[in-house]
Amino acid sequence: MSSDEVLTNHSYDGIQEYDNPLPGWWKWTFVGTAVFSVLYFMYYHLGAPGRSIYEQYDRELAEVTRLQFQEIGELQPTEATILEYMGKENWLKIGEVVFKTHCASCHGRHGEGKVGPNLTDEFYKHVRKLEDIARVVQDGANAGAMPAWGNRLHVNEIVLVSAYVASLRGTNVSGGKSAEGNPIPAWPSAVASHEPQTSAAEDTSPSETSD
Ligand code: HEC
């Protein structure tokens with residue numbers, strides 16, 4: 001402590017304090033942040049709609065999805081297409097995002113079932129073949145207990161979320177809702193296409209897929 005430091009003239013229980021003001025650069029940086037926050041708030045939250053980072057994010061996400069969909073064109077909700085996309089990890093991820101966004105509230109985050117049935121077991125009420133999943137998603141079931149998504153989701157989203165739902169089958173998430181409906185035949189075997197070629201060579205040739 002140099003001797004030119006000045007004591008303030010108050011004392012708390014005998015404790016005294018030097019008069020050391022904050023450096024000017026510090027004070028003005030602080031004032032600057034306060035002013036910035038007001039301008040920021042006015043620009044992003046009170047300004048023209050669509051400026052907030054959430055809205056920007058949504059716009060960019062929609063744009064990316066649109067570009068991606070351009071790449072695959074308009075999918076058909078058929079067995080063959082759903083089967084094909086069950087084997088494509090990166091597209092399945094989009095199906096997963098659709099599921100987590102729109103379906104998890106009723107079917108559980110991992111498909112384990114809540115209001116809606118468990119989608120991770122071998123039992124189904126409305127599904128026997130892959131394309132039935134897309135049909136149920138599109139049209140709904142049980143007088144709207146399962147809502148229709150046909151006019152709320154892009155057909156590609158319906159195909160991709162169907163592929164994702166199909167991929168949940170047999171994962172038997174623990175603590176899931178008990179089975180509803182009937183056991184159904186296995187999905188066609190082409191799902192194994194992302195397994196090593198040699199293991200499939202024995203008795204399941206892809207050309208056998210009947211239709
Ligand atoms: C509001 C709740 C709700 C939402 C949201 C919902 N579902 Fe459902 N879902 C149900 C109910 C309830 C049923 C069972 C209908 C019945 O009992 O016949 C069902 C049935 C199904 C079935 C048929 C299951 C079977 O056993 O045959 C599939 C597949 C399905 N939903 C997929 C989805 C997908 C994919 C989404 C998201 C796009 C979704 N659901 C969103 C409530 C919902």
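Visitor: What makes the approach of Lys 125 to an oxygen atom of the ligand a polar contact?
Guide: An N or O atom in the Lys 125 side chain is 2.5 Å from that oxygen atom. A polar contact is a pair of N or O atoms within 3.5 Å, so the pair qualifies. This is a predicted model: local features need pLDDT of at least 70, side-chain atom pairs count only at pLDDT 80 or more, and totals for chains, interfaces and linings use all residues. Residues are numbered from 1 along each chain as its sequence is written, and side-chain values use heavy atoms, with hydrogens and water left out.

Visitor: Which side-chain atom of His 126 is 2.5 Å from an oxygen atom of the ligand?
Guide: An N or O atom. That pair meets the cut-off too, so it is a polar contact.

Visitor: How do you know that His 107 makes a polar contact with the ligand?
Guide: A polar side-chain atom of His 107 lies 2.8 Å from a ligand nitrogen atom. That is within the limit, so the pair counts.

Visitor: Which residues come nearest to the ligand?
Guide: Cys 103, Cys 106, His 107, His 126 and Met 146, of the 22 around the ligand. Near means a heavy atom within 4 Å.

Visitor: How do the residues of the shell around the ligand divide?
Guide: Into 16 nonpolar, 5 polar and 1 charged. Ala, Val, Leu, Ile, Met, Phe, Trp, Tyr, Cys and Pro count as nonpolar; Asp, Glu, Lys and Arg as charged; the others, Gly among them, as polar.

Visitor: What share of the protein chain is called buried?
Guide: Of its 211 residues, 28%. Buried means under 20% relative accessible area (1.4 Å probe, protein chains only).

Note on methods. A polar contact is a pair of N or O atoms within 3.5 Å; within protein, one must be able to donate a hydrogen and the other to accept it, and residues adjacent in sequence count only if both atoms are side-chain atoms. Buried means under 20% relative accessible area, exposed over 50%, partly exposed in between (1.4 Å probe, protein chains only).
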